[in-house]
Every structure is written in C-alpha cells, then in structure tokens.
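User: Hey, can you walk me through a few spots in this protein? I'm new to this, so plain words please.

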Amino acid sequence: MTTERSTAPAAQVPGGQVPVADVEALSRNAGLMTEQFSRALAAYAKPLEEGKPNTALADSVTEVVRTLGTVAEKWFTDPQKAMEAQSLIGGQFLALWGSTLQRMQGETVTPVALPDPKDKRFSAPEWSANPVFDFLKQGYLITTRWAEILVDEAEGLDDHTRAKAQFYVRQISGAMSPSNFLATNPELIRETLRENGANLVRGMKMLAEDVEAGGGELRVRQTDPGQFKVGVNMASTPGEVVFRNDLIELIQYAPQTDTVLKRPLLIVPPWINKYYILDLNKDKSYIGWAVSQGLTVFVISWVNPDARHASKDFESYMREGIFAALEAIERATGERQVSAVGYCVGGTLLAVSLAYMAAVGDDRIASATFLTTQVDFTHAGDLKVFVDEAQIRSIESGMQERGYLEGAKMANAFNMLRPNDLIWPYVVNNYLKGKAPLPFDLLYWNSDATRMPAANHSFYLRNCYLDNKLSRGEMVIGNVRLDLGKVTAPVFNLATREDHIAPALSVFEGCRAFGGTVDYVLAGSGHIAGVVNPPAKPKYQYWTGGPAHGTLQDWIATATEHKGSWWPYWLQWLEYQNGERVPARQPGGDALPSLGPAPGTYVLEKA
C-alpha cells in the first residue's frame, strides 16, 4: 500500500512563525492525499452502487429546508420585516469593514463581534492578530448570530418549529465555521506547510477508514479504540452472568464485603447505550463502588438487537427484562423485594413497570432510584426536535426494512446535540491535522453503539416524546392503563444541571407524577458526567432540597449545595429504606449457576 514518505521539516521563515513548504514534498503528498480521498469516495459510493441509497439523508435535508424556509417566510414575505432583517446584519458588516480598514492602517479598534470565552475554535493567536483571519472570524460570528436572532424573533412560529429551526441553525453554524476549513484556518495552514501536507495524507487515510467503517457513512472516530477492551480495562468489576434470555443477560457481582444489605439492588440501564457506562473502569465505576459499600448488585445487560428482535416492544422489555430479572434475583438470593435503579430510558421503563405493578398489586420493587430519567416529556430536551409525525413515519419506514434502528443513527443524534464539542473538533483534528484522537474511555463507550428494535423504538417515540402519554395517565401496557400516581414506593430522583437529554426541569416536573415520597437531587454537569462522579475523584457538586415543590428556580434558591459526589448521599437514602444486613452472597450458586463471567456476551456484540 502506498503511504506518504517521511520528509525533513519544512524550512522556516526568520522568526519561526510561518513555515515555508518543500514544494517537491508538498506535491508528492498531494498525490498521496488524492489517492486516499478517492478511496473515501469509493467507500461512500459503494452503497449507491449496491442499490442501497441513504434515503434518510435526503429526508433530513428536506426537513431542514422546509423548517428554515418557514422561518424565512415569516421575515421576507413582508417588505418591512425583510428590511428589518437586512438592517440587522448590514449595519454590523459595515462596522466590521470599517474597523478592518482601520486595523490595516495601524489603528487600534474594538472588535465588532467576540467569540464566547469558552469557544476553543478561535484560540490560535492569528484569529485576533491577523486582520484577514480576524475578519473571517467576526464575519462568521455576525452571520451566525444574525441567523439565531431571525429564528428567535420570527413571529407566528409554533414552539416545535422554532425549536427545530434553532437546532438546524446550530448544525449549519457549526459546519460552516472557518475553523473547519484548511484555507480559512491559520492553524491548519501553518501545520500543513510545516509538514509539507503529510498531515492531509494521514487525515485522508483516516477519513477513508472511517467511511468504510460506517458502511458508506462517515463515522467520525472520537478516541483510539485500540486502547480499550470491554471486560479487561472497561466493565471489569468481577461478577457472573446468572441468567440469559432473548433480551437480557443478568449479571450478579461478586461481593467485596463480609455482609451486605438484605435487599438486593437491580440496575436497569438504557438500551440505547451499553450498560458499562456505570462500570467504565475501576476508578469510575458506580457498580464497583456500590458493591464495595456492601450491596448485592445485579445489572441488566441488554441484547444488541437485530432483525430477530423487530417485534420486541415496551411490554417485552418490561416482562423479559425487568420482570425476568426480578424472578431470577429471587431465585438467586431468596429475596422477593429489591431496590431498583433506572438510568435514562432505562428509568422510563422502570417507571412504566412500577405503574403496571401498582395496577396489578405487585410490590417486588420496594424503592426506586431514577438517574436523569424523564416520565413527563413536556419539557423534554433537544432530542425532541427529531420527533413529530412526519419524522417518526420516516424513522419507522427505515426500521421496517431492517427490523431495527441502526446504532449509528442514535449515536449521531446525540453527537449533534453538541456539534462544536463532539463533531467538528474531531473532524479538524483527525482529517485536517492528521492526528489520531487521544484515548478517552467515555468517548469509546459513546461510540460503542447499540441498535433498537423497531416495535420498541416506535412505541417509545410515539407514547413518550410525541404524545407524552405516561404522565397523562394514558399509556396502556398489557391492556392496563398506567397511572404513576398509584406508585407509592419511595423515589430518589436525580437530575443534572446541564443535561440536554433529560433536562433538570423535565425531571423536576416528573416528580409530581408519583404518588409516594420523592427526593429530588440535582447534580452538577450533564447527563453522563453528573451521574458518573465517583467519591474518590469528584469533579462536581450536588444540591439537596427535598421534594420538588414550587418551581425549579425556587427549589434551587433554597437548596443546600454539597461538594463532591452524590453517591454517598444516595447510599444513606437507600439504607434508610432498609438497612438490615446479611452474610454476603456469592454469584453462581446452585439456584442460578454461572453462565460465564461478567461482562457477558451481549455487551460484546457490535452494531
């Protein structure tokens, strides 16, 4: 295989600021770059050649055009509004032109537009020191902020259309940043000249590999996957698989204490990701910490579904998931009642199961902990922009062909919530700088995607995000209408302050749906980091203030802030529910012989 040749570093202009390229080496590497780019194009075109066009992309583009066209119509069909829109941007660009001319004449001027201090895209000194790049930067900021104002102040838009337009503007703004392009990024120009283009050869090679890995779609690598292995340095807490069916493997962890709480703990993770976010490594493992505190921990490891699971719906996940686990735990420990933890959509399933159990008189779950879980989707997060009748029909049409939703689809959706953090920095670093991303356990887990059965995902989108039936008492499972108000088991409800997926307000409002006592706790950071905040190395704080009364702002104003991890506080809450201890239980006994060591086999299946 042809690869770029190593070359001596490019010559330097006196002062060492602007490298001067070796023309011969640059020309040679341009040819190698073209080879790799052609390979990427071939990988991209392969599905088309096989008669498998990406219709979802066309549907997405149509949705973007339709939504932003609606916004444009609100402004530009009225001459007065059109003039107002033009004046918003025209005045700022006139000011920018004037200040740029003054700078070129050696005058000191105040910038017309400044990036957010947290915005790392324009951290290279040339973005401010060089008038040309400073103009590009400010022109970009003026234009994108103008687009945001047009969406925010468009009259007559419904809330959903406005939210979609805001989301699409963020995506387009992130993509069009001058920092993303070689010709308009001074740092990339400097790097390319210094390496005589070898960085672009490496970058195009990684681009080709990532398009091939995505089966014709770009799957941007965010970390070095070779540094991680599930069951070795991830998901490594010792335990045994003690039960398996079509949907789950149930893992029981080996005790680390002589005695344990009498009531076992069942963890229900989301099936849209793999469970080991709660067992990331020995220093960040919620599961490992819970075991070390004297809990008998069981966790559900969901299957990575394929076409065989197409008909598995929410009721299937309740019966073959949570209910099957409860039966297995009783056989393994002799305990009928458990404490349960549900994370994200796993928590939504847990709440659905609790409502069903309350309706039929089943009290096997004695207390429930919800981690960044929504049961009321009125104030659902940014993912709600993907949910309306037209978009759901498009998703269902795609799932009907395969029987499931591709794991990459959901992973891409999560990345799009934070494009300037999770997409474009990696595009620039990987494909233009030619640097492999650093090893990062959280991003490895994030890229280890899972599929979703068609029936389950359709039910979730329609009943939760679209129609919000659970909180309204309208959801029906197994011919039983669900009422969360009948759930009287004590609830620990954790939200995180910067969560874009299950916003703190959404979790707060959801507390009111339950019929028993609810302890609302707010952690710092977001959907993942706010939950995975171990006591040994805490990064964030948490707030306590009791039940969710009044408004969220009022609750926060009177809440008590605590430094460190919320985990010990939760353990005290759990022990308060039932603190009796018994001798430690070993997994894999006579009742449920071991089917193999943790982390099992389902978690190893790749999407």
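Analyst: Sure. One term to start with: a residue counts as buried when its relative accessible area is under 20%. Also keep in mind that this is a predicted model.

User: Okay, so is Asn463 buried or exposed?

Analyst: Asn463 has 11% relative accessibility, so it counts as buried. You'll find Asn463 in helix 17, which covers residues 454-466.

User: And what is Asn463 in contact with, leaving aside its neighbours within four places in sequence?

Analyst: Asn468, Lys469, Leu470 and Met475.

User: New topic: where is Arg451?

Analyst: Arg451 sits in the loop between helix 16 (441-447) and strand 11 (452-453). Arg451 counts as buried, because its relative accessibility is 8%.

User: What does Arg451 touch?

Analyst: Not counting residues up to four places away in sequence, its contacts include Trp271, Asp306, Tyr404, Glu406 and Lys606. With Lys606, a polar atom of the Arg451 side chain lies 3.4 Å from the backbone oxygen.

User: Cool. Switching to helices: at what angle do helix 3 and helix 5 pack?

Analyst: About 165°, and their axes are 10 Å apart. Angles over 145 degrees count as roughly antiparallel, so helix 3 and helix 5 are roughly antiparallel to each other. Helix 3 passes helix 5 in a right-handed crossing.

User: Which residues make that contact?

Analyst: Among them are Leu88, Phe93 and Trp97 of helix 3, plus Phe135, Ile142 and Trp146 of helix 5. The residues of this contact divide into 13 nonpolar, 5 polar and 2 charged.

Note on methods
Residues numbered from 1 in each chain as written. Predicted model: local features only at pLDDT ≥ 70, side-chain atom pairs only at ≥ 80, totals over all residues. Heavy atoms only, no water. Axes fitted to C-alpha atoms, helices over the stretch in contact; angles between N-to-C directions. Helix = DSSP H or I, 4+ residues; strand = E, 2+ residues; numbered from the N terminus. Parallel < 35°, antiparallel > 145°, perpendicular 65-115°, else oblique. Left-handed = near helix turned anticlockwise from the far one by under 90°. Contact = heavy atoms within 4.5 Å. Nonpolar A, V, L, I, M, F, W, Y, C, P; charged D, E, K, R; others polar. Buried < 20%, exposed > 50% of the residue type's maximum accessible area, 1.4 Å probe, protein only. Polar contact = N/O pair within 3.5 Å; in protein donor to acceptor, adjacent residues only side chain to side chain.
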